[in-house]
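Reader: I'm new to this one. Could you walk me through the labels people put on it?

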Amino acid sequence: MGLFSRKQKIDMSTLPNCVAFIVDGNGRWAKKRGMPRMMGHSAGIDAVKLTIDNAEKLGIKEVLFYCFSTENWNRPKKEVDGLFELFRKFINKEADNYLKRDFRLVLLGERSKIPSDIMEKVEEIEEKTKNCTKMKIGLCINYGGRLDIITATNKLLQEGKKCVTEEEFSKYLFSCDFSDPDLIVRTSGEKRISNFMLYQMAYSEFYFTDTYWPDFDQRELEKAICNFQKRNRRFGAIKE
């Protein structure tokens, strides 16, 4: 089938630089198969790893995954604990692998509520991979778009800033090391933002698919990229 089954339809010169994924549908994927919800989340981790691999093959430079929102703390404690255990295993297993592949790994979100052992490992891999250049991977955990804006604003106020430019403000966001997403993909058929990157998505293109996140594979990524490349991105201007 070749590297990418639809590669002839993908213009490799106009790939999105940064693609963000709102990973949704793990629980429904599991329910449909008569499995516990955690089995769906585990399959969702596998889909994250697969999507990173497929993005690398295409040459996409930045990928972001909305894994755990500030609102997700409202879920049952057993599920929250299970999600962090999956993340713990992911970090411990993949950290050295991504370093060898020249991937930079960054956590985006408010860090104080994340278990300390996880944060120690995250900060270790962030330091080790800070000079990696092949791809940047952002894991949005305990992330919320409103919190992102408020946190940046409070940092600016604490520094005595009274007036800033858009460029300066962006440097205080959780995503300061990333480009604004060119493409935002949401799985599972839902068509809402869910408090994700409210500031950064000003000119993002959106792609919604009914596919549950654990089933988001190579072909689904290709479809999203092909759809993106059909858009006429004018950024408020008029193209003659």
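Author: Sure, let's take a few labels and check each against its definition. This is a predicted model, where local features need pLDDT of at least 70 and side-chain atom pairs count only at pLDDT 80 or more, while totals for chains, interfaces and linings use all residues. Residues are numbered from 1 along each chain as its sequence is written, and side-chain values use heavy atoms, leaving out hydrogens and water.

Reader: Why is E62 called buried?

Author: Buried means under 20% relative accessible area, exposed means over 50%, and partly exposed is in between (1.4 Å probe, protein chains only). E62 has 6%, so it counts as buried. E62 lies in strand β2; strands (E, at least two residues) and helices (H or I, at least four) are DSSP runs, numbered from the N terminus.

Reader: What makes the link between E62 and S179 a polar contact?

Author: A polar contact is a pair of N or O atoms within 3.5 Å; within protein, one must be able to donate a hydrogen and the other to accept it, and residues adjacent in sequence count only if both atoms are side-chain atoms. The E62 side chain reaches the backbone nitrogen of S179 at 2.8 Å.

Reader: And why are C163 and C176 labelled differently, one exposed and the other partly exposed?

Author: C163 has 68% relative accessibility, so it counts as exposed. C176 has a relative accessible area of 40%, so partly exposed is the label.

Reader: How do you know that C176 is in no disulfide?

Author: A disulfide is a pair of cysteine sulfur atoms within 2.5 Å. By that rule the count is zero disulfides. For C176, the nearest cysteine sulfur belongs to C140 and is 12 Å away.

Reader: What makes strand β3 largely enclosed?

Author: Six of the six residues of β3 (residues 103-108) are buried, so the rest of the structure largely encloses this strand. F103, L105 and L107 point one way, whereas R104, V106 and L108 point the other way.

Reader: How do you know that β3 pairs with β4?

Author: Two strands pair if DSSP finds at least two bridges between them. Six bridges join β3 to β4 (residues 135-143), and the two run parallel. L105 stands opposite I137 in β4.

Reader: Why is helix α7 called mostly covered?

Author: Eight of the eleven residues of α7 (residues 218-228) are buried. Among them are L221, I225 and F228. At the N-terminal end, D217 caps α7, with a side-chain oxygen 3.3 Å from the backbone nitrogen of R219.
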